[in-house]
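Trainee: Could you take one part of this model and go through it closely with me, setting it against the whole chain as you go? I would like a connected account rather than a list.

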Amino acid sequence: MGQLILVTGPARSGKSEWAEQLAQQTDKQVVYVATAQVDPNDLEWVARIEQHQQRRPAEWTLIWTPIELAQTILEWDQQDYCLLIDSLGTWVANCLEQEDSSWQDRKDTLLSLVSQTSATIILVAEETGWGVVPAYPIGRTFRDRLGQVVRQLGIMANPVYLVTGGHLLNLSTLGSPLSRESLP
């Protein structure tokens, strides 16, 4: 069996950098799975993507997967690979227009695959529920979908890290996962 690692926290907290360090420590071939969609007209977004790319080792394989995350995991499911998936929040945002039933199927497929994979999977996820309730339905849908998938992955993953304020906490040693039965 592979290993599932979750790195979560707020924006710009150092999640990706910590996940990259973890990937390097695996001594496996790293496949960086980018969930972003590149819009060349959004110069600030392009600059963020370039910053991430410059930080990563050149020998890492880069796969762009904005929607079909489960398919990418299936294609690279081998014990000598480490899949660094950055980020779940962007992936959820890319899937926001899907009906609830389609989203549920996509999420369930992902959860099933990561629980059975032979590869090491490191997932980077944003924490969105620490602020106000979004004023618009699409914002609430995003927050709820991301919160649910992060919670479910957090129960499955070991270790689970929280990166916030430039500090890292191993939640697997500090706390206990909720039971799967308590999931909504």
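What follows is a close look at one threonine, together with the fold around it and two further sites.

Trainee: Where is Thr-117 found, is Thr-117 buried or exposed, and with which residues is Thr-117 in contact once its neighbours within four places in sequence are left aside?

Mentor: Since this is a predicted model, every value here is computed from predicted coordinates, and it helps to begin with the whole before turning to the residue. The protein has seven helices and seven strands, and read along the sequence these follow the pattern β-α-β-α-β-α-β-α-α-β-α-β-β-α. The radius of gyration is 16 Å, close to the 16 Å that the globule rule gives for 184 residues, so the protein is as compact as a globular protein of that length. Along the principal axes, the C-alpha trace spans about 45 × 45 × 35 Å. Of the 184 residues, 43% count as buried, and among contacts between residues at least 6 apart in sequence, 78% join residues at least 24 apart.

Against that background, Thr-117 is found in the loop that lies between α5 (100-116) and β5 (120-126). Although this is a loop position, Thr-117 has a relative accessible area of 2%, and because buried means under 20%, Thr-117 counts as buried. Leaving aside the neighbours within four places in sequence, Thr-117 is in contact with Met-1, Gly-2 and Asp-77. With Asp-77 there is also a polar contact, in which the side chains of the two residues are joined at 2.7 Å.

For the exposed side of the picture, the protein exposes about 9800 Å², of which carbon and sulfur atoms supply 50%. One nonpolar surface patch, of about 250 Å², is made by Val-38, Leu-62 and Trp-64. Within that patch, Leu-62 has its place in strand β3 (residues 61-64), and at 33% relative accessibility Leu-62 counts as partly exposed.

Towards the end of the chain, Pro-177 sits in the segment after α7 (171-174), and its relative accessibility of 57% makes Pro-177 count as exposed. Pro-177 and Val-7 are 170 residues apart in sequence, while their C-alpha atoms are 15 Å apart in space. To return to your residue, then, Thr-117 is a buried loop position whose side chain has a polar contact with that of Asp-77.

Conventions:
Residues numbered from 1 in each chain as written. Predicted model: local features only at pLDDT ≥ 70, side-chain atom pairs only at ≥ 80, totals over all residues. Heavy atoms only, no water. Patch = residues over 30% accessible without salt bridge, like charges linked within 9 Å, V, L, I, M, F, W, Y side chains within 5 Å. Areas by Shrake-Rupley, 256 points an atom, 1.4 Å probe, with all protein chains shown as cover. Salt bridge = Lys/Arg side-chain N within 4 Å of Asp/Glu carboxyl O. Helix = DSSP H or I, 4+ residues; strand = E, 2+ residues; numbered from the N terminus. Buried < 20%, exposed > 50% of the residue type's maximum accessible area, 1.4 Å probe, protein only. Polar contact = N/O pair within 3.5 Å; in protein donor to acceptor, adjacent residues only side chain to side chain. Contact = heavy atoms within 4.5 Å. Rg over C-alpha atoms; globule rule 2.2 N^0.38 Å.
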